[in-house]
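Subject: Structure to look at

Hi,

Here is the structure I said I would pass on. Have a look at it first, and my notes on what turned up are underneath.

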Amino acid sequence: MAAQIKDKEAYQRLNYLYQAAHCVLAQDPENEELARFYCFTQRTIARRLVLRQDPSVKRTLCKKCCSLLIPGVTATARQRRKHGKAHRFTVVRCLSCGQSKTLLNNPDYCLWADRPEAQQEQQKQADRSLPIKNQPKDRKSDEPVASKPSSSTAGT
């Protein structure tokens, strides 16, 4: 059973704003200001409600100007390699403000949120947040279970 998501409506709104920004840029790349407004609103809501966004969403937003980073439209993406090392990086540069993001290209790297340990910790936190009345009570097997007499037999 999946744990209940806190602030589900807020996450739906963030998702809607992110998709709206993508659609605006897909229809007309000149509407960059409207897409930036949607992304800025999304970031403001996430900060105000202290919500964590998925890393894949955060990678596609410029930290400086809140622009949606789409390679070839609002950003450039270049592959770089450190000299003497086998580490490869993707450098995404925002065309609006010039801010650069460096992302590691490691196929073996796994985000913490995708690891099984993180899922277990989230499940434990969800279990702790459940009200006590909804959690099952442990009964001892040697105690008899008392049942109330039904109202139809009690009056006769």
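Let's start with Arg88. Leaving out residues up to four places away in sequence, Arg88 touches Arg80, Arg81, Leu103, Leu104 and Asn105. One of those partners, Leu104, is 16 residues away in sequence, yet the two C-alpha atoms are 6.3 Å apart in space. Arg88 itself is in strand β2, which covers residues 88-94, and it counts as partly exposed, with a relative accessibility of 43%. Keep in mind throughout that this is a predicted model.

Leu104 turns up again in the second largest pocket. The lining there consists of Arg59, Thr90, Leu103, Leu104, Asn105, Asn106, Tyr109 and Leu111. Strand β3 (residues 100-105) contributes the most to that lining, with three residues. As for volume, this pocket comes to about 210 Å³.

Now the overall layout. The protein chain has five helices and three strands, and from the N terminus they come in the order α-α-α-β-β-β-α-α. Of the 156 residues in the chain, 22% are buried. The chain exposes about 12,900 Å², and 51% of that comes from carbon and sulfur atoms. If you take the contacts between residues at least 6 apart in sequence, 40% of them join residues at least 24 apart.

Which residues make up the largest nonpolar core? There are nine: Tyr18, Ala21, Val24, Leu25, Ala35, Cys39, Val57, Leu61 and Leu68. Helices α1 (8-27) and α2 (32-48) each supply at least two of them, and α1 gives the most, with four residues. Ala21 is a handy place to zoom in: apart from neighbours within four places in sequence, Ala21 is in contact with Ala35, Tyr38, Cys39 and Leu68. As general background, nonpolar side chains in soluble globular proteins tend to be buried together.

You will probably want to know about the cysteines. How many disulfides does a search of the whole structure find? The search finds zero. Cys39, a member of that core, is in no disulfide, and the nearest cysteine sulfur to it belongs to Cys66, 7.4 Å away. Cys39 is buried, because its relative accessible area is 1% and the cut-off for buried is under 20%. For Cys62, the nearest cysteine sulfur is that of Cys97 at 3.5 Å, and Cys62 is in no disulfide either. The pair does not count because a disulfide needs sulfur atoms within 2.5 Å. Cys62 is also buried, at 3% relative accessibility.

Last, a couple of backbone oddities to check on screen. Which residues have a positive phi without being glycine? Val50 is one of them, with a phi of about 55 degrees, and Cys66 is another, at about 60 degrees. Val50 is in the loop between α2 and α3 (55-59), while Cys66 is in the loop between α3 and β1 (75-81). Buried or exposed? Val50 counts as exposed, at 71% relative accessibility, whereas Cys66 counts as buried, at 5%.

Shout if anything is unclear.

Cheers

Definitions and conventions: Residues are numbered from 1 along each chain as its sequence is written. This is a predicted model: local features need pLDDT of at least 70, side-chain atom pairs count only at pLDDT 80 or more; totals for chains, interfaces and linings use all residues. Side-chain values use heavy atoms; hydrogens and water are left out. Buried means under 20% relative accessible area, exposed over 50%, partly exposed in between (1.4 Å probe, protein chains only). A nonpolar core is a set of buried Ala, Val, Leu, Ile, Met, Phe, Trp, Tyr and Cys residues joined through side-chain atoms within 4.5 Å. Helices (H or I, at least four residues) and strands (E, at least two) are DSSP runs, numbered from the N terminus. Contact means heavy atoms within 4.5 Å. Accessible areas come from the Shrake-Rupley method with a 1.4 Å probe; for residues, only the protein chains shown count as cover. On a 1 Å grid over the protein atoms alone, a cavity is a set of points where a 1.4 Å probe fits but cannot get out, and a pocket is an open set with protein on both sides within 12 Å along at least five of seven lines; lining residues have an atom within 4 Å of a point. Grid points are joined across faces, edges and corners, and a volume is the space filled by probe spheres set on the points.
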